[in-house]
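User: I would like to work through this protein with you step by step. Please reason through each point before you settle on an answer.

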Amino acid sequence: MKKILLVDDVSTNLICVSKILQDRYQLLAAKSGEDALALMKENNPDLILLDICMPEMNGFELMEKIQAIMGGTNIPVIFLTGEADVKSEMKGRELGAVDFIRKPFLPVVLIDSIERALAHDA
């Protein structure tokens, strides 16, 4: 079963996404960038769902740290965020994100994006 790391500082968002994905994937959840980095030391996720707006370390900063620490790893990242501006989406894509999904989202859109990213990575 593929492993997905969910990173969002809002517990409700983690719970909602987990309910959508729990039957399809093994899930790891982190409420901060630091928590996500700690989980990645012990686990090797196949994909990361990442919020942008988080305190202390935002999603862009976390993605840059993951790339630096993991030596340019090819773990696909999908930004799952409330950010609606094109500038944020472009920055995420420039950092290497494979998709950018805005909240609120349709479960079928999230699942399709994950499946495409994992199939492309295989």
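Analyst: In this predicted model, a good place to start is Glu89, which forms a salt bridge with Arg102, with the closest N and O atoms 2.7 Å apart. The pair links distant parts of the chain, since Glu89 lies in helix α4 (residues 86-94) and Arg102 in strand β5, 13 residues apart.

User: Is Glu89 buried or exposed?

Analyst: Residues count as buried when their relative accessible area is under 20%. Glu89 has a relative accessible area of 16%, so Glu89 is buried. Its partner Arg102 has a relative accessible area of 30% and is partly exposed, but for Glu89 the answer is buried.

User: Which residues are linked with Glu89 in a network of salt bridges?

Analyst: Besides the bridge from Glu89 to Arg102, there is a salt bridge in which the side chains of Arg116 and Asp112 meet, at 2.9 Å from N to O. Both pairs belong to one network of salt bridges, in which Glu89 is linked with Arg93, Asp99, Arg102, Asp112 and Arg116.

User: Why are Arg116 and Asp112 separated by about one helical turn?

Analyst: Arg116 is partly exposed at a relative accessible area of 48%, and Asp112 is partly exposed as well, at 37%. They are separated by about one helical turn because both sit in helix α5, where their spacing along the chain is 4 residues.

User: How many residues apart are Asp8 and Lys103?

Analyst: Asp8 forms a salt bridge with Lys103, and the closest N and O atoms of the two are 2.6 Å apart. This pair links distant parts of the chain: Asp8 is in the loop between β1 (3-7) and α1 (11-21), while Lys103 is in the loop between β5 (99-102) and α5 (107-121), which puts them 95 residues apart.

User: In what order do the elements of the protein run from the N terminus on?

Analyst: The protein has 5 helices and 5 strands. Reading from the N terminus on, the order of these elements is β-α-β-α-β-α-β-α-β-α.

User: What radius of gyration does the protein have, next to that of a compact globule?

Analyst: The C-alpha trace spans about 35 × 30 × 30 Å along its principal axes, and 44% of the 122 residues count as buried. For a compact globule of 122 residues one would look for a radius of gyration near 14 Å, and the protein agrees with this, having 13 Å.

Methods. Residues numbered from 1 in each chain as written. Predicted model: local features only at pLDDT ≥ 70, side-chain atom pairs only at ≥ 80, totals over all residues. Heavy atoms only, no water. Helix = DSSP H or I, 4+ residues; strand = E, 2+ residues; numbered from the N terminus. Rg over C-alpha atoms; globule rule 2.2 N^0.38 Å. Buried < 20%, exposed > 50% of the residue type's maximum accessible area, 1.4 Å probe, protein only. Salt bridge = Lys/Arg side-chain N within 4 Å of Asp/Glu carboxyl O.
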